Amino acid sequence: MTENTKIPSFDLTRNYARVKEEVNVAVLRVLDTQHFILGPEVEALEKEIAAYLEVKNAVGCASGTDALVLALMALDLKPGDEVITTPFTFFATVSCITRNGATPVFADVDPVTYNIKSEDILAKITPRTRAVLPVHLFGQMCPLEEIKDELKSRGIALIEDCAQAIGAHRMIDGRVARSGSVGDMGCFSFFPTKNLGCYGDGGMVSIADNPEFAQRVKNLRVHGAGKTYFHEEVGINSRLDALQAAILRVRLRHLEGWNEERRIVAERYMTLFAEKGLLELITPPAELAGGRHVYHQYVIRAQRRDELQKFLDERGVTSRVYYPLPLHLQHCFSYLGYAKGDFPVSEMLADEVLALPMFPELLPEEQERVVNEIADFYGVGK
Ligand SMILES: *Cc1c(COP(=O)(O)O)cnc(C)c1O
């Protein structure tokens, strides 16, 4: 590793090198069958994911976005129905609500975990609330145990956006409860850079319990056909490829280890920040008690964020801003009538967050370089 080598945000080629043989065998196995859409590989993956999450069912689909769309379609939302969610997330969390004809109702996030807060969710409930859609942002689960019983008793669905948090968990009633197993349904993305990524697009809906939801999502992903060419309703075309499922089955076996490696990378950042005296100047991400953060992203809060990012870029350190504009301020949602100042924490985070390089294979010496450059920028640690 020379001084000038660029440090990437993530590097999938390093990961592929670790599983190349296994993955190649799986891919060739599928090519031999020439069975490409759904089928036995997808069914096997669905069973394995359901077992991993300890849920009744899992249904593969074409992307994380579609997983969200399908889960909400299964709720039969009507115009005027409200879904409570966060404005500080990836676009798809909110577009799936409006694409289903319902109205997103935002609740602001916590400045420490970046996640939507339980008390704010409960405060936003109205007679029109049909669902709550929390996002386990950057790999940390929201403490859903605080709201799940209340929502259930009021007949409000709980749909988890788990796109960034496969393998994250909370201890609930003395048991490990993984993301996607606490609410009614969980929506997963297998976009290549997610903690469990495939080699294209892919997604999955986990269904904790209700067999009706599982059947609805299964039908909806094949144009609403219970039986081929016989359509009970109008669904969408959102199937998972057998090739992607075969790749995911290999990678799922490594997920726990890779998530542990991400946690080690996170710990190392903390140690380095402390050594350099940076903890006064930046705010590292915090892990909530009672849970396991899987660090899909390692997102700090930094003063003079844009200048810092430019400085790092000049020194060959890649960083990213997730997300620069909260969703209540996006042009396409202006009809909802929100204005700047409505969600001050989300707006502050949009100005301060910076995602540092984070992937299981990130080297200690690379992390040292990242932290040294940050220290250089702030003029400390000399
Ligand atoms: C990635 C992501 C999605 C969408 O997943 P795709 O597979 O890219 O469609 C949804 N929500 C969140 C929070 C995400 O990070």
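**Ligand surroundings, helix H3 and salt bridges**

In this predicted model, the ligand is surrounded by 14 residues, the closest of which are Gly64, Thr65, Gln164, Ser189 and Lys194. By residue type, this shell comprises five nonpolar, seven polar and two charged residues. Several polar atoms of the protein approach the ligand. A polar backbone atom of glycine 64 is 2.8 Å from a ligand oxygen, and a polar side-chain atom of aspartate 161 lies 2.9 Å from a ligand nitrogen. In addition, an N or O atom in the side chain of lysine 194 is 3.1 Å from an oxygen atom of the ligand. Of the 380 Å² of accessible area that the ligand has on its own, 92% is covered by the protein. Two or more residues of the shell are given by each of helix H3 (64-73) and helix H4 (92-99); H3 gives the most, with three residues.

Helix H3 is itself largely enclosed by the rest of the structure, because nine of its 10 residues are buried. The buried residues are Gly64, Asp66, Ala67, Leu68, Val69, Leu70, Ala71, Leu72 and Met73. At the start of H3, the backbone nitrogen of threonine 65 has a side-chain oxygen of serine 63 within 3.4 Å.

On the protein surface, Leu28, Leu31, Phe36 and Ile37 make a nonpolar patch of about 320 Å². Isoleucine 37 is placed in the loop between helix H1 (12-33) and helix H2 (40-53), and isoleucine 37 is partly exposed, with a relative accessible area of 39%.

Side chains of opposite charge can pair when their charged atoms come close. The model contains 29 salt bridges. One of these joins arginine 216 and glutamate 233, whose closest N and O atoms are 2.9 Å apart. This pair links distant parts of the chain, with arginine 216 in helix H7 (residues 211-220) and glutamate 233, 17 residues away, in the loop between strand E11 (230-231) and helix H8 (242-275). Glutamate 233 is partly exposed, at a relative accessible area of 24%.

Another salt bridge is formed by arginine 263 and glutamate 287, at 2.5 Å from N to O. Here too, distant parts of the chain are linked: arginine 263 belongs to helix H8, and glutamate 287, 24 residues apart from it, to the loop between strand E12 (282-283) and strand E13 (291-292). The relative accessibility of glutamate 287 is 35%, which places this residue among those counted as partly exposed.

Arginine 304 and glutamate 307 also meet in a salt bridge, with an N to O distance of 3.5 Å. Both partners are partly exposed, arginine 304 at 43% relative accessibility and glutamate 307 at 44%. Finally, Arg29, Glu41, Glu48 and Arg249 are joined into one network by salt bridges that share partners.

Methods
Residues are numbered from 1 along each chain as its sequence is written. This is a predicted model: local features need pLDDT of at least 70, side-chain atom pairs count only at pLDDT 80 or more; totals for chains, interfaces and linings use all residues. Side-chain values use heavy atoms; hydrogens and water are left out. A residue is near a molecule or strand if one of its heavy atoms lies within 4 Å of it. A polar contact is a pair of N or O atoms within 3.5 Å; within protein, one must be able to donate a hydrogen and the other to accept it, and residues adjacent in sequence count only if both atoms are side-chain atoms. Accessible areas come from the Shrake-Rupley method with a 1.4 Å probe; for residues, only the protein chains shown count as cover. Helices (H or I, at least four residues) and strands (E, at least two) are DSSP runs, numbered from the N terminus. Ala, Val, Leu, Ile, Met, Phe, Trp, Tyr, Cys and Pro count as nonpolar, Asp, Glu, Lys and Arg as charged, and the others, Gly among them, as polar. Patches are made of residues with over 30% relative accessible area and no salt bridge: like charges are joined within 9 Å, nonpolar side chains (Val, Leu, Ile, Met, Phe, Trp, Tyr) within 5 Å. A salt bridge is a side-chain nitrogen of Lys or Arg within 4 Å of a carboxyl oxygen of Asp or Glu. Buried means under 20% relative accessible area, exposed over 50%, partly exposed in between (1.4 Å probe, protein chains only).
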